[in-house]
Amino acid sequence: MQTTDQNPEQLEQETGEDAIDVICMQFLAAGEALKRLDRLQPGFLQNHYPEVDLKGAMGFGDIIAHQYFDLDTEQIILTCQDSLPAMISAIEDLLQKI
């Protein structure tokens, strides 16, 4: 899939809109899961993975839930590119520990 830098019109097409919808629902689910884990083990994630913006990830899910129709799709793509690699690395590390 091309990034918006290569083809900005892609986000306006139906397949681009569907992809953004899927991404948003995954961010929403991830944000809720992080909140639940933080309630069960307060401070665990932040202490073990300080390089990950966990509060930002939790808050991003809230933004999606409450401002869904006002979201900036290019910002969602940038979040995927900039923030997800560290989050994925932390989750992979956490899964190896349990």
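The following legends describe close-up views of a predicted model.

**View 1. The largest nonpolar core of the predicted model, with 10 residues.**
The residues that make up this core are Leu34, Leu45, Tyr49, Val52, Leu54, Ala57, Met58, Met87, Ala90 and Leu94. At least two residues of the core come from helix H3, which spans 54–66, and at least two come from helix H4, which spans 73–97. Apart from this core lies another one, of 8 residues, and Ile20, Cys24, Phe27 and Phe60 are among its members. As a general background to such views, nonpolar side chains in soluble globular proteins tend to be buried together.

**View 2. Surroundings of Leu54, a residue of helix H3.**
Leu54 has a relative accessible area of 6%, and because this value is under 20%, the residue counts as buried. When residues within four places in sequence are left aside, the contacts of Leu54 are with Leu34, Leu45, Gln46, Tyr49 and Met87. For one of these partners, Met87, the separation from Leu54 is 33 residues in sequence, while the C-alpha to C-alpha distance between the two is 8.4 Å.

**View 3. Surroundings of Leu94, a residue of the largest nonpolar core.**
With neighbours within four places in sequence again left aside, Leu94 is in contact with Leu37, Phe44, Leu45 and Tyr49. Of these partners, Leu45 and Tyr49 are listed with Leu94 as residues of the largest nonpolar core, and both Leu45 and Tyr49 are also contacts of Leu54.

**View 4. The aromatic pair formed by Phe27 and Phe60.**
The count of aromatic pairs in the model comes to 1. In the pair of Phe27 and Phe60, the ring centres are 4.9 Å apart and the planes stand at 85°, so the arrangement is classed as edge-to-face, the angle being over 60 degrees. The pair links distant parts of the chain, since Phe27 belongs to helix H1 (residues 14–40) and Phe60 to helix H3, with their positions 33 residues apart in sequence. Both rings belong to buried residues, the relative accessible area being 13% for Phe27 and 14% for Phe60.

**View 5. Surroundings of Thr79, a residue of helix H4.**
Thr79 is buried, its relative accessible area being 15%. Not counting residues up to four places away in sequence, Thr79 touches Phe27, Phe60 and Leu84, so that the two partners in the edge-to-face pair, Phe27 and Phe60, appear here as contacts of a residue in helix H4.

Conventions: Residues are numbered from 1 along each chain as its sequence is written. This is a predicted model: local features need pLDDT of at least 70, side-chain atom pairs count only at pLDDT 80 or more; totals for chains, interfaces and linings use all residues. Side-chain values use heavy atoms; hydrogens and water are left out. A nonpolar core is a set of buried Ala, Val, Leu, Ile, Met, Phe, Trp, Tyr and Cys residues joined through side-chain atoms within 4.5 Å. Buried means under 20% relative accessible area, exposed over 50%, partly exposed in between (1.4 Å probe, protein chains only). Helices (H or I, at least four residues) and strands (E, at least two) are DSSP runs, numbered from the N terminus. Contact means heavy atoms within 4.5 Å. Rings of Phe, Tyr and Trp (its six-membered ring) pair if their centres lie within 6.5 Å; planes under 30 degrees apart count as stacked, over 60 as edge-to-face and the rest as tilted.
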